[in-house]
Amino acid sequence: MTRILSVQSEVSYGFVGNSAVVFALRRIGVDVWPVNTVQFSNHTGYPSWRGPRLTPIDEAEIVRGLDELGILGQLDGVLTGYLSGPSMGRQIMAAVQLVKRRRPTALYCCDPVLGDDETGFYAAPGTLELFREQALPLAQVITPNRFELAALTNLPTSSLEEILIAADTLLDAGPSTVVVTSVPSLRPSQGAGHDDRIAMVAVQRDGAWQVSTPRLPGEFSGGPAT
């Protein structure tokens, strides 16, 4: 059985971070060990939310407890999402390094949560630099949306050609696979604005692949549609 340490946010209402990932991965037979960065009432895309942010010390203690059980060497990978800030990010990068020491073949998949086209940046100051300087060299897989790809690379991402160039730049920083989400379904030489479909673009050194699906109407903030 594949075993993954998932370090992400959790909400009571809605489906983001570990509230979405744990159920989905367990349904396909993956053993997920969740570690939460925050425990909020709901996603912060709503007008209000409440709940605590775990501290870096809290995170370190949870990972230390797992390590004391002697089980980190069983992990096949680490998945990270919303970090809550650079201090938490540094602690999580330390946890990734610890897992890799215990299991050198363990993969690190980083979702660099920074913002999106609709709202712009919503990550804490310093988080972008942490992803660039620490997460990218550690990660084997990185999954930015189109906005985050542009932020990480300082490159335009309005056409398929530009997305591929930006993704190649991320490959130069360390990861072996870049999966770009929230991409309008594009063909070469086309720009943005094709709103009938939405795609993911996976890029590796030996090729690139695009998978698209019809875009559904509505706006969602990590919760059930109303």
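This is a short talk about how the helices and strands of one protein model fit together.

Okay, hi everyone. One thing before we start: what you have in front of you is a predicted model.

Let's begin with the sheet. It's an open one made of 8 strands, and the order is β2-β1-β3-β4-β7-β8-β9-β10, with mixed pairing. Which strands sit at the edges? They are β2 and β10, and each of them pairs on one side only. If you're new to this, strands of a sheet pair through backbone hydrogen bonds, either parallel or antiparallel.

We get both kinds here. Take β1 and β3: they run parallel and are joined by 4 bridges. One residue pair to click on is I4, whose bridge partner in β3 is G77. Then β3 also pairs with β4, again in the parallel sense and over 4 bridges. There, V78 stands opposite Y108 in β4.

While we're on β3, which covers residues 77–80, have a look at its two faces. Both are covered: G77 and L79 are buried on one side, V78 and T80 on the other.

Now for the antiparallel kind, go to β9, residues 197–204, which is joined to β10 by 8 bridges. For a landmark, find M200: its bridge partner in β10 is V211. Helix α6 packs on the sheet here, touching β7, β8, β9 and β10, and its direction makes about 40° with that of β9.

Back to β1 for a moment, to look at Q8, which lies in that strand. Buried or exposed? Q8 is buried, because its relative accessible area is 7%, and buried means under 20%. Its contacts beyond the close sequence neighbours include G17, N18 and V21, then V35, N36, T37 and V38, and also L79, T80, G81 and Y82.

Compare that with R53, in the loop between β2 and α2. R53 has a relative accessible area of 42%, so we call it partly exposed. Leaving out neighbours within four places in sequence, R53 is in contact with T37, V38, F40, Y82 and S84. With F40, the two are 13 residues apart in sequence, yet their C-alpha atoms are 7.8 Å apart in space.

Right, helices. α2 runs over residues 56–68, so that's 13 residues, and it reaches 18 Å from first C-alpha to last, close to the 18 Å expected at 1.5 Å a residue. Which residues of α2 are buried? They are E59, V63 and L66. Those three cover an arc of only 50° around the axis, which puts them on the same side of α2. Here's the rule behind that: an α-helix has 3.6 residues a turn, so residues three or four places apart point the same way. The buried residues of α2 pack against β1, β2 and α3. Turn to the face pointing away from that buried side, and you'll find the exposed residues I57 and E68. After α2 comes G70, which has a positive phi, near 75°.

The other helix I picked is α4, residues 127–138. It has 12 residues and should span 16 Å at 1.5 Å a residue; the end C-alpha atoms are 15 Å apart, which agrees. Its buried residues are T127, L128, L130, F131, A135, L136 and L138. Looking down the axis of α4, these fall within an arc of 155°, so they line one face of the helix. What do they pack against? The answer is α3, β4, β6, β7, α5 and α6.

Last stop: aromatic rings. The model has 3 aromatic pairs. One of them is F121 with F147, which is edge-to-face, at 5.1 Å centre to centre and 70° between the planes. F121 lies in strand β6 and F147 in helix α5, so the pair ties together parts that are 26 residues apart in sequence. How accessible is each partner? F121 is partly exposed, at 49% relative accessible area, whereas F147 counts as buried, at 18%.

That's my tour. Thanks for listening!

How values were computed: Residues are numbered from 1 along each chain as its sequence is written. This is a predicted model: local features need pLDDT of at least 70, side-chain atom pairs count only at pLDDT 80 or more; totals for chains, interfaces and linings use all residues. Side-chain values use heavy atoms; hydrogens and water are left out. Buried means under 20% relative accessible area, exposed over 50%, partly exposed in between (1.4 Å probe, protein chains only). The arc is that of the directions from the helix axis to the C-beta atoms. Contact means heavy atoms within 4.5 Å. Two strands pair if DSSP finds at least two bridges between them. Axes are lines fitted to C-alpha atoms, for helices over the stretch in contact, and angles run from 0 to 180 degrees between N-to-C directions. Rings of Phe, Tyr and Trp (its six-membered ring) pair if their centres lie within 6.5 Å; planes under 30 degrees apart count as stacked, over 60 as edge-to-face and the rest as tilted.
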